[in-house]
Amino acid sequence: ATHPASLHKFYNEDSHFLHSDATHSGVSASGPEGISRAIQQLNLLGANVDLSNGYIDAQNAANQGIVLVVVGQFTPPTGSSGAALSSSSPPTASPFVQSFVLSCQPTNNHKASPAYYVSNSVFRLISMFPGTDAAGVAAATAA
């Protein structure tokens, strides 16, 4: 991520955030301050998201909201304690899925375009099933 320390600015007081790795452990938070602390704890500076073999799906939701599902490859930053790393190996890409709910922010100007914030964000690294690898998962999701 280029500027992970700024990600919390997309959240509001009623926002919820969950970031889980392939071992089912995760970091959960709510509100901009809690989400900011969680993002700092994750140490995402230098991480890479590759969507070249992934996809983004979007759908309208209640109250002018939008639901997004993103699938791609996530490479943790060098030196990260992420599940995809051992202390002597370079970072490796792992498939991930992330779901967002974008909620419409209230505004007093009814003629203005709607503004949105992330009300819910769930990120999950996906572990490989026996006999598969990242290239196989990417080929299957691209089909």
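User: Which residues lie nearest the centre of the largest pocket, and how many residues line it?

Analyst: A pocket is read first through its lining, and in this predicted model the largest pocket has 20 lining residues, with L7, L44, V49, Q98 and F100 lying nearest its centre. The space in that pocket comes to about 420 Å³.

User: Which elements supply at least two residues of that lining, and which of them gives the largest share?

Analyst: A lining can be traced back to the secondary structure elements that contribute to it, and here β1 (11-20), α1 (31-42), β3, β5 (94-104) and β6 (116-125) each supply at least two residues. The largest share, four residues, is that of β1.

User: What is the make-up of the lining by class?

Analyst: Sorting the lining residues of the largest pocket by class gives 16 nonpolar and four polar residues, while no charged residue is found among them.

User: How many helices and strands does the chain have, and in what order do they run?

Analyst: The chain has two helices and six strands, and when the elements are read from the N terminus their order is β-β-α-β-β-β-β-α. As for burial, 32% of the 143 residues of the chain count as buried.

User: Which residues make the nonpolar surface patch, and is I56 buried or exposed?

Analyst: A patch is read from the residues that make it and from its area, and in this case V49, L51 and I56 make a nonpolar surface patch of about 250 Å². I56 belongs to strand β3, which covers residues 48-60, and I56 counts as exposed because its relative accessibility is 52%, where the cut-off for exposed is over 50%. V49, one of the patch residues, is also among the residues nearest the centre of the largest pocket.

User: What should I note about the backbone of N63 and Q64, and where do these residues lie?

Analyst: The sign of phi is what to look at here, together with the residue type. N63 is not a glycine, yet its phi is positive, at about 55 degrees, and Q64, also not a glycine, has a positive phi of about 65 degrees. N63 sits in the loop between β3 and β4 (66-75), and Q64 is likewise placed in the loop between β3 and β4. With a relative accessible area of 73%, N63 is exposed, and Q64 is exposed with a relative accessible area of 54%.

User: How far apart in space are A47 and P77, given that they are 30 residues apart along the chain?

Analyst: For such a pair, the separation along the chain is set beside the C-alpha distance, which for A47 and P77 is 4.3 Å. A47 is in the loop between α1 and β3, and A47 counts as buried because its relative accessible area is 11%, the limit for buried being under 20%.

User: What are the corresponding values for F17 and I39, and for A115 and S103?

Analyst: F17 and I39 are 22 residues apart in sequence, and their C-alpha atoms are 9.5 Å apart in space. F17 lies in strand β1 and is buried, with a relative accessible area of 7%. A115 and S103 are 12 residues apart in sequence, with a C-alpha to C-alpha distance of 8.4 Å. A115 is found in the loop between β5 and β6, and at a relative accessible area of 39% A115 is partly exposed.

Note on methods. Residues numbered from 1 in each chain as written. Predicted model: local features only at pLDDT ≥ 70, side-chain atom pairs only at ≥ 80, totals over all residues. Heavy atoms only, no water. Patch = residues over 30% accessible without salt bridge, like charges linked within 9 Å, V, L, I, M, F, W, Y side chains within 5 Å. Areas by Shrake-Rupley, 256 points an atom, 1.4 Å probe, with all protein chains shown as cover. Salt bridge = Lys/Arg side-chain N within 4 Å of Asp/Glu carboxyl O. Buried < 20%, exposed > 50% of the residue type's maximum accessible area, 1.4 Å probe, protein only. 1 Å grid on protein atoms, 1.4 Å probe; cavity = no way out; pocket = protein on both sides within 12 Å on 5 of 7 lines; lining within 4 Å. Points joined across faces, edges and corners; volume = space filled by probe spheres on them. Nonpolar A, V, L, I, M, F, W, Y, C, P; charged D, E, K, R; others polar.
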